[in-house]
Amino acid sequence: MFIIIGIVVHRFPNPRTDFVRLKKWIDLVGLNEMDPNDVYKKKFICNNHFDEQCFSPGTKRLNARSYPTLLLPGSTNSKPSQPSVKASISIHQSDVVNRMRDTVDRLRSRTNNSYSN
């Protein structure tokens, strides 16, 4: 589990220790075109794609047998108003970019204020 500017994301299962589960995750989220090792190294999946039962009690950590089941491509378990995985990823990326820009702007403002005093 990682928190990237307020968004909790999880790594895909390790291909060396849990290849079968990794392949299932890849199939579920529609990354079949990617090499499993690249998915593990480069991709993350956010909390929105996991049911509450996937988490260890009282934490944001996934339990060992968790699978993403919510808001997946072609899924019938999501409401039409909810974004797909690709849309969700785009939303998260733009949210992260906006938060980063806000942070940079605040830091620049502080730096400029300290030089002008």
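Cysteine 54 is buried in this predicted model, its relative accessible area being 10%. Cysteine 46 is likewise buried, because its relative accessible area of 5% falls under the 20% cut-off. A search of the whole structure for disulfides returns 0.

Cys54 also belongs to the largest nonpolar core, a set of 12 residues. Its aromatic members include Phe12, Trp25, Phe50 and Phe55, while Leu22, Ile26, Val29, Val39, Ile45, Leu62 and Leu72 are also part of the core. Helix α1, spanning residues 19-29, supplies the largest share of this core, with 4 residues. Helix α1 is also where confidence in the protein chain is highest, at a mean pLDDT of 94.

Turning to the strands, β2 covers residues 7-11 and is mostly shielded, with 4 of its 5 residues buried. Strand β2 runs antiparallel to β3 (residues 44-46), and 3 bridges join the two. Within this pairing, arginine 11 stands opposite phenylalanine 44 of β3. Strand β3 also takes in residues already met above: Ile45, a member of the largest nonpolar core, and the buried cysteine 46.

It is helpful to place these elements in the chain as a whole. The protein chain contains 3 helices and 3 strands, arranged from the N terminus in the order β-β-α-α-β-α. Of the contacts between residues at least 6 apart in sequence, 48% join residues at least 24 apart. Buried residues account for 26% of the 117 residues in the chain. The accessible surface amounts to about 8300 Å², and carbon and sulfur atoms contribute 52% of that area.

How far does confidence extend along the chain, and where is it lowest? The average pLDDT of the protein chain is 78, and 69% of the residues score at least 70. Helix α3, made up of residues 85-116, has the lowest confidence, with a mean of 62. Over residues 78-91, pLDDT stays under 50, and for this stretch the model has 14 contacts beyond four places in sequence. Where pLDDT is low, predicted coordinates should not be read in detail. A friendly word of caution therefore applies to such regions, whose coordinates are not to be read in detail.

Note on methods:
Residues numbered from 1 in each chain as written. Predicted model: local features only at pLDDT ≥ 70, side-chain atom pairs only at ≥ 80, totals over all residues. Heavy atoms only, no water. Disulfide = S-S within 2.5 Å. Buried < 20%, exposed > 50% of the residue type's maximum accessible area, 1.4 Å probe, protein only. Core = buried A, V, L, I, M, F, W, Y, C linked by side-chain atoms within 4.5 Å. Pairing = 2+ DSSP bridges. pLDDT = per-residue confidence, 0-100. Contact = heavy atoms within 4.5 Å. Areas by Shrake-Rupley, 256 points an atom, 1.4 Å probe, with all protein chains shown as cover.
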